[in-house]
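Reader: I have a structure on my bench screen and would like to talk through its charged side chains and its backbone. Could you walk me through it?

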Amino acid sequence: MKCSARLTNSFCGEWEVYVVTGGMSLDWPEHPFERTGPVPTLQERVEALALLGYRVADNAEWEWQELPSGVMDRVELLASVDVEPMGGAA
């Protein structure tokens, strides 16, 4: 079952990655990086996803978006990638 992982700096400007698992619940697996910069590296993201029980899907690539926040012209960044549970975990 493929899901989408998101990397964002929208919560107080600190980076976090979370997995959108579907359904109505917003209690998605998440991993905070507990820093505002620099952007977590690809390896850090892979390791964080593994801690959550997911891996990047074959041939998937991170896609980036800029989202204006309206707060002092600050821009929030959002990246997403398709992921799959590791070892049958859901």
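Author: Happily; the questions and answers below go through salt bridges, a buried charge and some backbone angles.
This is a predicted model, in which local features need pLDDT of at least 70 and side-chain atom pairs count only at pLDDT 80 or more, while totals for chains, interfaces and linings use all residues. Residues are numbered from 1 along each chain as its sequence is written, and side-chain values use heavy atoms, with hydrogens and water left out.

Reader: How many salt bridges are there by this rule?
Author: A salt bridge here is a side-chain nitrogen of Lys or Arg within 4 Å of a carboxyl oxygen of Asp or Glu. One of them joins Arg 35 and Glu 44, at 2.8 Å from N to O. By this rule the count comes to three.

Reader: Which residues are linked with Arg 55 in a network of salt bridges?
Author: Arg 55 and Glu 84 meet at 2.7 Å, N to O. That pair links distant parts of the chain, 29 residues apart, with Arg 55 in strand E4 (residues 54-56) and Glu 84 in strand E6 (residues 75-85); helices (H or I, at least four residues) and strands (E, at least two) are DSSP runs, numbered from the N terminus. Arg 55 also forms a salt bridge with Asp 58, where the closest N and O atoms are 3.4 Å apart. The residues linked with Arg 55 are therefore Asp 58 and Glu 84.

Reader: Is Asp 58 buried or exposed?
Author: Buried means under 20% relative accessible area, exposed over 50%, and partly exposed in between (1.4 Å probe, protein chains only). Asp 58 has a relative accessible area of 56%, so Asp 58 is exposed.

Reader: What is the nearest side chain of opposite charge to Arg 45?
Author: Arg 45 lies in helix H1 (residues 42-51) and is buried, yet has no salt bridge. Leaving aside neighbours within four places in sequence, Arg 45 is in contact (heavy atoms within 4.5 Å) with Leu 7, Phe 33, Pro 40, Trp 62 and Trp 64. Lys and Arg count as positive and Asp and Glu as negative, with His and the chain ends not counted. The nearest side chain of opposite charge is 6.9 Å away, and belongs to Glu 44.

Reader: Where is Pro 38 found?
Author: A cis peptide bond joins Gly 37 and Pro 38, with omega about -5°. Pro 38 is found in the loop between strand E3 (30-32) and H1.

Reader: What is phi of Asn 59 near?
Author: Asn 59 lies in the loop between E4 and strand E5 (63-68). Phi there is positive in a residue other than glycine, near 65°.
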